[in-house]
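The following exchange concerns the reasons behind the terms applied to a protein model. Each answer sets a value against a criterion.

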Amino acid sequence: MNKKNTLLLLLGLSATTAFAQAPAAQPKSSQQMALAQPNDAKGNARISGAVLDATTKQPVEFATIALISQATGKPVDGTMADEKGRFTLNKVGAGKYNLQVSFIGYQQQVIPNVTVANDNSDVNVGTISLATDTRRLDEVVITGEKPLVEEKIDRTVYNAEKDITNAGGTAADVLQKVPALSLDNDGNVQLRGSGNVRVLINNKPSAIMAGSIADALKQIPADQIKSVEVITSPSAKYDAEGTAGIINIITKKDGGLQGVTGSVALSAGTRASNGNASLNIRRGKLGINGSLGGVRFYNKGDMTNETISPKYSELSDNRLIRRQNGKTNINGAFLNGQLGFEYDFNPQNSLSGSVRSNGGSFEMENDQAQRVTIGGIEEESQSFSTDIRNQNERIGVDYNLDFVHTFKKPQQELAILTQYAVSDVDTRNNQDRFYSNEAPFYLQRNNNEGGNKELTLQADYVHPLKNKQMLEVGAKTIFRDVTSYGLSSNQQAGLEDTDKLSFDYGQNVYASYLTYGFAIRKKLNVKLGTRYEYTDISADYARSENGSTEERAPFADDYDNVIPSVALSYTLKDKHTFKANYTQRIQRPSLFFLNPFEQDQAPGTVVKGNPYLDAELTDLFELGYSTYFKTASISTSLYMRQTDNAIETVPAFDDATNTTILTFDNVAQNKTYGVSLFGSVKPINALTIGGSSNIYYVNLESDQYKNDGWMYNINANSSYTFGKGISAQFNGGFNSKRIQLQGNSASFSYHSLALKKELFAGKGGLSLGFDNPFRRSMKMRNDINALDYEQHIRINNYNRGFKIAFDYRFGKMDQQRPPKRKKSIRNDDAKQGDGNGVG
């Protein structure tokens with residue numbers, strides 16, 4: 001349903017209430033007549049005001065205002081209040097009028113004798129207070145349900161709380177069901193085939209996302225997620241948000257209701273268990289909300305890893321082949337909590353703040369057996385078993401304080417936003433190598449402690465102009481201070497080698513933006529924007545081996561970018577919407593890609609960052625179309641993006657240690673051409689069927705490598721209501737093989753089933769869920785083929801599971817308070833890592 005139809009529906013509901021309150025002799029409500037008749041008193045005068053709740057003094061959003069001529073007793077114009085309760089009637093002629101104001105659940109209010117002296121008058125009637133009609137509120141019952149997926153003009157919204165297959169899962173389980181999103185074999189989220197996305201929580205960056213997104217998604221219980229928004233073509237108002245766009249996770253919180261409300265949810269399963277609770281209190285001008293949740297996950301699998309490297313380059317057949325196989329156990333537990341407040345000094349000024357914290361750890365145990373051959377002959381000294389223990393502990397805290405001032409002119413607003421985010425990560429990798437039935441002959445200890453401090457100051461101003469024009473300007477600064485301290489220790493034959501590395505990285509970003517929106521003939525909406533960003537970088541890293549003198553390498557860099565954006569939207573017959581967008585973005589690397597500390601992932605494999613990486617530059621073009629029918633909706637888009645200076649993994653082989661070193665460099669150009677499609681249909685009232693697909697062609701090219709090919713991913717979902725509070729849902733998807741610059745990863749699929757029974761008159765429910773019930777494991781394959789290096793990984797992830805979940809909502813809502821439009825900081829400029837690095 002588009003915006004216009006939504007407003008008409010709300011006007012119709014308000015008209016129904018007004019009709020019930022009108023005198024018996026009046027055949028139609030004032031609102032109905034206002035909508036049906038043209039203004040018969042033309043002029044250039046204006047009448048404005050604001051509608052507030054008489055008790056709470058909060059705005060009454062979408063209140064209906066009818067202008068009634070005292071001379072004829074007939075309505076001559078009408079309008080609706082905005083989200084701040086403000087309204088304006090334009091082009092009013094001279095005369096005397098009555099204003100009739102109403103909304104569902106409130107007593108109708110009539111303001112008599114509103115006098116317009118001449119055709120150029122500007123009359124402000126001030127504040128109109130509506131008293132709650134408790135009796136009528138109790139009698140009115142409105143039934144409605146959000147669809148699982150909504151297509152809006154600038155984003156796709158997946159309503160996770162409507163999908164019962166999510167109960168008892170994590171954010172990773174939720175995101176793989178969102179149209180245009182997919183997860184790769186390592187759990188990294190991708191948007192339209194690109195992993196360069198920025199993930200926000202409640203429109204804000206979070207310390208929980210400062211390092212590995214794949215790990216962070218496991219920390220958030222699915223039961224805390226209300227919806228997921230996908231923004232593929234953000235305007236210049238946003239930061240450099242990534243090659244593909246923004247993913248915004250909205251958690252469950254209801255600060256717009258007077259009284260006390262809350263919820264609890266518990267789940268237990270064979271792969272994960274979690275619990276969370278929330279409490280919201282709203283009394284008058286003050287609202288307080290809090291939540292606390294935890295998740296524990298556990299999984300098993302097995303793997304094989306074969307690497308083929310040159311031992312001596314002059315002998316082509318003298319290759320080093322390393323084969324590793326073993327079993328993997330993964331365990332993790334995380335807690336997260338939030339405490340926030342909102343205080344409305346008056347309808348024009350409000351202050352809000354919050355503290356969000358998350359922390360926990362996960363461990364991966366991998367018992368491997370290794371065989372090494374060189375030129376077809378087994379090297380007995382390098383054929384051994386290894387116990388690998390990876391541990392990752394992290395804690396993050398976000399502090400937010402925001403002030404918003406609204407002016408008397410509708411939609412004119414000034415927001416001052418601040419945020420301070422702190423995160424600390426401790427990563428440990430321990431390896432014990434031993435021959436069969438013998439004590440370990442080699443002990444390896446890798447410790448990396450890192451921290452990220454980020455201070456953001458932001459100001460946004462919105463100013464409406466005549467004829468539905470809108471001007472937005474803003475400025476923002478981000479001060480980042482990232483530190484990393486690494487210690488590597490290897491013990492063998494009574495000797496110990498140590499390697500210490502410290503890395504300090506400072507990045508300051510200064511930005512400003514301007515957007516201008518206008519309409520052409522009421523059908524074509526245009527939004528133009530430009531953003532300027534200046535980046536100042538200073539860094540220093542020092543390294544010492546076995547107590548030797550430190551080797552220092554300080555460096556500095558700075559650059560600026562002008563980032564344009566253009567968005568067009570055309571609506572035909574109120575149901576066909578066409579869109580065209582262009583934007584340019586930069587993508588700065590996060591610490592995962594920059595940190596030069598060498599992480600020994602397994603025998604013979606080392607991963608380290610490159611502190612000299614440059615930012616990626618991306619041009620994105622998109623054409624879209626959406627429409628809806630009585631019981632169905634469909635949307636599709638064509639897109640093209642080109643990324644220069646693309647950051648890719650670059651392997652190198654160290655002959656002295658027989659070790660493969662994986663690092664990163666700006667070595668490629670990435671061109672992607674694709675089409676995405678989403679549709680849903682409701683053939684009968686009890687059944688809903690939906691699905692999405694993304695088909696794209698990628699061309700990757702560097703000086704040494706080139707790879708291209710077609711890829712796709714599809715997702716399907718359906719739900720059926722049996723009645724008596726019983727419902728069922730299915731969700732499934734398939735991802736094709738993924739093309740990489742130096743290889744590819746294999747396709748994989750997933751599916752889930754769930755049944756739910758509502759309890760306690762719809763306030764609670766009991767759910768049973770089944771993950772991948774028709775197969776024992778998910779088989780994943782990844783192949784890398786470089787000029788002189790090959791790697792072949794095979795993983796079996798035993799992800800078949802069962803879960804049971806319970807949820808309950810409690811509390812008393814005294815009356816409805818229209819939700820305030822939240823302002824928030826979005827730091828979306830850093831390319832995110834996909835491993836266990838610190839960021």
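Q: Why does Tyr720 count as partly exposed?
A: The model is a predicted one, and in it Tyr720 has a relative accessibility of 33%. Buried requires under 20% and exposed over 50%; Tyr720, at 33%, therefore counts as partly exposed.

Q: Where is Tyr720 found, and which nonpolar surface patch does this residue help to make?
A: Tyr720 is found in strand β35. The patch covers about 820 Å² and is made by Ile684, Tyr720, Phe722, Ile726, Leu755, Leu766, Leu768, Phe770, Phe802 and Ile804. Strands β35 (706-723), β40 (764-771) and β43 (801-816) each contribute at least two of the patch residues, and β40 gives the most, with 3.

Q: What makes the pair Tyr435 and Phe441 stacked?
A: The ring centres of Tyr435 and Phe441 are 4.7 Å apart and the angle between the planes is 15 degrees. A pair needs centres within 6.5 Å, and planes under 30 degrees apart count as stacked, so the Tyr435 and Phe441 pair is stacked. Ring pairs also link Phe384 with Tyr435 and Phe441 into a cluster. A search of the whole structure finds 21 aromatic pairs.

Q: Are Tyr435 and Phe441 buried or exposed, or in between?
A: Tyr435 has 25% relative accessibility and so counts as partly exposed. Phe441, at 23%, also counts as partly exposed.

Q: Why is the contact between Asp367 and Arg389 called a salt bridge, and what does the pair tie together?
A: The closest N and O atoms of Asp367 and Arg389 are 3.3 Å apart. The limit is 4 Å, so the pair is a salt bridge. Asp367 lies in strand β19 (residues 349-374) and Arg389 in strand β21 (residues 385-406), so the pair ties together parts 22 residues apart in sequence. Asp367 is partly exposed at 38% relative accessibility, and Arg389 is partly exposed at 31%.

Q: How do you know that Arg543 and Asp499 form a salt bridge, and which of the two is buried?
A: The N to O distance between the side chains of Arg543 and Asp499 is 2.7 Å. This lies within 4 Å, so the pair meets the criterion. Asp499 has a relative accessible area of 17% and is buried, whereas Arg543, at 27%, is partly exposed. Arg543 lies in strand β26 (residues 524-545) and Asp499 in strand β25 (residues 495-520), so the pair ties together parts 44 residues apart in sequence.

Q: Why does Asp426 count as buried, and which residue forms a salt bridge with Asp426?
A: Asp426 has 14% relative accessibility, and the limit is under 20%, so Asp426 counts as buried. Arg428 forms the salt bridge with Asp426, the closest N and O atoms being 3.1 Å apart. Arg428, at 30%, counts as partly exposed.

Q: What makes up the largest nonpolar core?
A: The core has 25 residues, and those with the most contacts inside it include Val174, Leu181 and Ile247. Among the elements that each supply at least two residues are β13 (225-231) and β14 (245-251), while the largest share, 4 residues, comes from α4. Leaving aside neighbours within four places in sequence, Ile247 is in contact with residues including Leu175, Val189 and Val228.

Methods: Residues numbered from 1 in each chain as written. Predicted model: local features only at pLDDT ≥ 70, side-chain atom pairs only at ≥ 80, totals over all residues. Heavy atoms only, no water. Core = buried A, V, L, I, M, F, W, Y, C linked by side-chain atoms within 4.5 Å. Buried < 20%, exposed > 50% of the residue type's maximum accessible area, 1.4 Å probe, protein only. Contact = heavy atoms within 4.5 Å. Patch = residues over 30% accessible without salt bridge, like charges linked within 9 Å, V, L, I, M, F, W, Y side chains within 5 Å. Areas by Shrake-Rupley, 256 points an atom, 1.4 Å probe, with all protein chains shown as cover. Phe/Tyr/Trp six-rings, centres within 6.5 Å; stacked < 30°, edge-to-face > 60°.
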